[in-house]
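Okay, thanks for having me on the agenda. I'd like to walk you through one structure, so please pull up the view while I talk.

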Amino acid sequence: MKILVTGGAGFIGSNFIRLVLQERTPWEVVNFDKLTYCGNLENLKDIQGDKRYRFVRGDIADRQLVDSLLAENHLDAIINFAAESHVDRSILDASPFMRTNVEGTMVLLEGVNKYKIKKFIHVSTDEVYGSITKGSFSELSNLSPGSPYSASKAAADLLCLAYWNTFKTPVSITRCTNNYGPYQFPEKLIPLAISNVLEGKAVPVYGDGLNVRDWIYVEDHCRALFEVLEKGKPGEVYNIAGSSEKTNIDIVHILLRLLGQKQDMIDFVKDRPGHDRRYSLNDRKIRKELGWKPRHDFNEAMKLTVDWYREHESWWQRIRAGEYLKYYEKMYLNR
Ligand code: NAD
Ligand code: TYD
């Protein structure tokens, strides 16, 4: 089996590639990534020389390049992680979100049709459903995105479903809740909070800190993607949840306790505009139909995560200093 992973130099994609090479040993992986500000090949340093793995730099919205990539490689499946993924950045400038998340997905769908690729997994998010006060969204709930980021993801989801309806493009969509774990870019709440505290700085908490997110350990998300890849049906949507809903302030308190710091290292700052109050998913479908469930307990996995950032200070310090951007040139371009 040969798979194309787009966005494999990012947080979830790099965890996914590592798990594939560990647990699906006959598979070959092509990692296609534009290396935007958050694409970091240091995330895959340990597997760089693996013969089953190849990296190609490029943009999923670049039609010609995607076409030649698909023509050269006889692929069995594509897993699309490539995206602009940070809500705050989408508020500052939505255009890269539209190009990558919407146009890029369309280019991949066209490629799947042209080269008759048998499976396309589109990795989406719970944020497409918008905020919910009580209860949880199922796969049949309406989409009601609240940020430019989630609007771009919802547009891509609808495009995937339209391609299934029109061309029978074999696409399955996954919608997962907030991930945490190793190699997450330290602009997102959990790695930002840990690295700030390790540098003796307070954690910025938006608004009243009572917004709720459901948290899943990244490895559990990757295992759910294995199930969808191997057993999922085309044209179907699968919600993936961590079943660990917490307010942001709870998350920060847990992190401060794990880091052995006083609970007052918090800065309440101006709220994010249009800040979704609560995300919540019902994931009975993937549990019942594909037999998936998360393996990690929230408290244990949070401890693993804090330990990882403690043990990999130079990884996030190089990101904060912008030095990780030179890694690609040194390792791949011999500069
Ligand atoms: P990330 O921002 O860490 O990584 C995104 C990767 O995509 C980077 O390596 C980047 O260089 C690459 N990329 C961006 N634009 C590209 C383009 N035009 N062509 C090729 N590569 C490009 O993101 P992440 O947190 O790993 O998220 C991966 C996917 O999972 C995204 O689609 C996101 O919407 C989805 N998702 C994330 C979460 C979460 O909590 N992080 C939850 C649910 C779903
Ligand atoms: P984030 O990690 O950006 O993920 P998302 O917005 O996609 O859910 O943020 C998680 C929550 O934490 C969200 O409610 C915004 C909040 N937040 C803060 O309070 N402070 C911060 O510095 C960041 C980055 C996020």
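I'll go through the two ligands, then a helix, a strand and a couple of odd backbone angles. Keep in mind throughout that this is a predicted model.

Let's begin with ligand 1. There are 28 residues around ligand 1, and the closest are Ile12, Asp33, Ser85, Tyr149 and Lys153. If you want to set up contacts, here are three to look at. The side chain of Tyr149 puts an N or O atom 2.7 Å from an oxygen atom of ligand 1. From the backbone, Thr36 has an N or O atom 3.0 Å from an oxygen of ligand 1, and for Leu35 the corresponding backbone distance to a ligand 1 oxygen is 3.5 Å. And how much of ligand 1 does the protein bury? On its own ligand 1 exposes 850 Å², and 97% of that is buried by the protein.

Which elements build that shell? At least two residues each come from α1 (11-23), β5 (119-125), α5 (148-167) and β7 (178-180). Of the elements, β5 gives the most, with three residues. As for chemistry, the ligand 1 shell splits into 12 nonpolar, 12 polar and four charged residues.

Now over to ligand 2. Here 16 residues do the surrounding, with Glu127, Pro204, Arg213, Arg272 and His275 the closest. Again I have three contacts for you. An N or O atom in the Glu127 side chain sits 2.6 Å from an oxygen atom of ligand 2. The Asn248 side chain also has an N or O atom 2.9 Å from a ligand 2 oxygen. Then there's Leu189, where a backbone N or O atom is 2.9 Å from an oxygen of ligand 2. Ligand 2 has 510 Å² of accessible area when taken by itself, and the protein covers 96% of it.

Around ligand 2, the elements giving two or more residues to the shell are α6 (189-198) and β8 (203-206). The biggest giver is β8, with three residues. By class you get six nonpolar, five polar and five charged residues in the ligand 2 shell.

Right, that's the ligands; on to a helix. Have a look at α7, which covers residues 218-231. It's 14 residues, and from first C-alpha to last α7 reaches 20 Å, close to the 20 Å expected at 1.5 Å a residue. So is α7 enclosed or open? Of its 14 residues, 11 are buried, so α7 is largely enclosed by the rest of the structure. What I'd like you to notice is who is on the buried list: it includes Val218, Leu225 and Phe226, but also Asp220, His221, Arg223 and Glu227.

Let me stay with Arg223 for a second. Arg223 is in helix α7, and its relative accessible area is 10%, so with the cut-off for buried at under 20%, Arg223 counts as buried. Its C-alpha is 9.5 Å from the C-alpha of Val20, although the two residues are 203 apart along the chain.

Next, a strand. In β1, residues 2-6, five of five residues are buried, so the strand is mostly covered. Which way do its residues point? Lys2, Leu4 and Thr6 go one way, Ile3 and Val5 go the other, and all are buried. β1 runs parallel to β2 (residues 28-33), and five bridges join the two. If you'd like one pair to click on, take Val5, whose bridge partner in β2 is Asn31.

Last topic: backbone angles. Leu35 comes up again here, with a positive phi of about 55 degrees even though it isn't a glycine. You'll find Leu35 in the loop between β2 and β3 (53-57), and Leu35 is buried, at a relative accessible area of 11%. That's the same Leu35 whose backbone N or O atom lies 3.5 Å from a ligand 1 oxygen.

The other one is Lys116. Its phi is near 50 degrees, again a positive value in a residue other than glycine. Lys116 is placed in the loop between α4 (95-114) and β5. Is Lys116 buried or exposed? At 68% relative accessibility, Lys116 counts as exposed.

That's my tour, so over to you for questions.

Technical notes. Residues are numbered from 1 along each chain as its sequence is written. Chains are lettered from A and ligands numbered from 1 in the order in which they are written. This is a predicted model: local features need pLDDT of at least 70, side-chain atom pairs count only at pLDDT 80 or more; totals for chains, interfaces and linings use all residues. Side-chain values use heavy atoms; hydrogens and water are left out. A residue is near a molecule or strand if one of its heavy atoms lies within 4 Å of it. A polar contact is a pair of N or O atoms within 3.5 Å; within protein, one must be able to donate a hydrogen and the other to accept it, and residues adjacent in sequence count only if both atoms are side-chain atoms. Accessible areas come from the Shrake-Rupley method with a 1.4 Å probe; for residues, only the protein chains shown count as cover. Helices (H or I, at least four residues) and strands (E, at least two) are DSSP runs, numbered from the N terminus. Ala, Val, Leu, Ile, Met, Phe, Trp, Tyr, Cys and Pro count as nonpolar, Asp, Glu, Lys and Arg as charged, and the others, Gly among them, as polar. The expected span of a helix is 1.5 Å times one less than its number of residues. Buried means under 20% relative accessible area, exposed over 50%, partly exposed in between (1.4 Å probe, protein chains only). Two strands pair if DSSP finds at least two bridges between them.
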